[in-house]
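Please read the following account alongside the sequence and the model, taking the elements in the order in which they are discussed.

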Amino acid sequence: MRRWLSDAADALERHQEELNALNVFPVADADTGTNLAITVRAGAQAGEMVNTTLVGELFEICGRHCLEEAKGNSGTLFAVILSGFADPLREESRLTAFGLARALEHARTRVSGALHDPVEGTILSFIDDITQAAGAWEDAEDSNKNLCTMLEHLVGVGNKSVRRTNAQLEILRDTGWVDAGALGMLIIFDVLAHTVRGEDYPGGEARPYAELLTPQDAEPQRAKERSAASSAAGSSEADDDGVEFMCSIDLDALSAAQVRHELSEIGDSVIMSAVSQNEGEKIRWKVHVHVREAAEAMAVLSPHGKPLGITTEPLTAEDK
């Protein structure tokens, strides 16, 4: 599992420019590949420092570090997924098909809970599809061969799921493009399948989804048209000076619910996920939102506590 995270980070770094070029949702800021690569690398680095023989404990620590260091929508959602893997595998010393099926179900629940406004044709759809497919393996034999067979099947399901994002997301319809975040997740799970088989990931250009990384209609004018369509999709994204605001903050359950609601009133793409487990009245939350100005998010958060690790990024690729 440590090798998986490290190899997945390598693969994402290898393909980050292609994924960045495909990035049009929730805003065309050309950083999905970079954000995924940075976030997965943070998890891999944490894994190298963790001395444990339990898969769940490894994922818990790596997931927590990913959440603290997460970049963008895609990176935050990967961190939520990795964290979601932890509980069902807490006492396991190896990954099995049954364990992965339970881990995916738990991760899907975490992702659904973290998103204020779930949208089909994104990472959420990808996780929904492979989780449903994994359920067929819950009663299967406990062997590494069976896990390999399961993962090979999930990659096939994931490939079809990514291709469907072209029809599910309005701004991608009839373009030949797919959702960058979902494609990035397919690469991550394909690397997992190769790692479990003891094989090196050959790169996306050698896989069945190679043409999705470099679509034939990837013309500059088409990219500009989609960028404009993406910017018009929501109020905060439509502002040239809009920002992606991220931080961590300690909140009790009631405050967390209030913050989520207030952020949804002033911005878009709200993601909130617990970083720590229930260790007291307050727990740490990772917060992600797109707003016109960072001050708007601070005005919501500050009455409830001190935001930590604040980062802001412009919502236009030209400003980065």
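The paragraphs below treat a helix pair, then a single residue, then another helix.

This is a predicted model, in which local features need pLDDT of at least 70 and side-chain atom pairs count only at pLDDT 80 or more, while totals for chains, interfaces and linings use all residues. Residues are numbered from 1 along each chain as its sequence is written, and side-chain values use heavy atoms, with hydrogens and water left out.

Helix 7 (residues 144-168) packs against helix 8 (residues 180-196) at an angle of about 165 degrees, the two axes lying 9 Å apart, where axes are lines fitted to C-alpha atoms over the stretch in contact and angles run from 0 to 180 degrees between N-to-C directions. Helix 7 is therefore roughly antiparallel to helix 8, a term for angles over 145 degrees. Among the residues that meet (contact means heavy atoms within 4.5 Å) are Leu-147, Leu-151 and Val-155 in helix 7 and Leu-183, Leu-186 and Phe-189 in helix 8. The residues of this contact divide into twelve nonpolar, four polar and one charged, with Ala, Val, Leu, Ile, Met, Phe, Trp, Tyr, Cys and Pro counted as nonpolar, Asp, Glu, Lys and Arg as charged, and the others, Gly among them, as polar.

Val-191 also belongs to helix 8, and Val-191 is buried, with a relative accessible area of 0%, buried meaning under 20% (1.4 Å probe, protein chains only). Leaving aside neighbours within four places in sequence, Val-191 is in contact with Trp-4, Asp-7, Ala-8, Ala-11 and Tyr-201.

In helix 3, the buried residues include Val-55, Leu-58, Phe-59 and Glu-60; what covers the buried residues of helix 3 includes helix 1 (2-22), helix 2 (32-49) and strand 2 (268-274).

Terms used
Helices (H or I, at least four residues) and strands (E, at least two) are DSSP runs, numbered from the N terminus. Angles under 35 degrees count as roughly parallel, over 145 as roughly antiparallel, 65 to 115 as roughly perpendicular and the rest as oblique. Buried means under 20% relative accessible area, exposed over 50%, partly exposed in between (1.4 Å probe, protein chains only).
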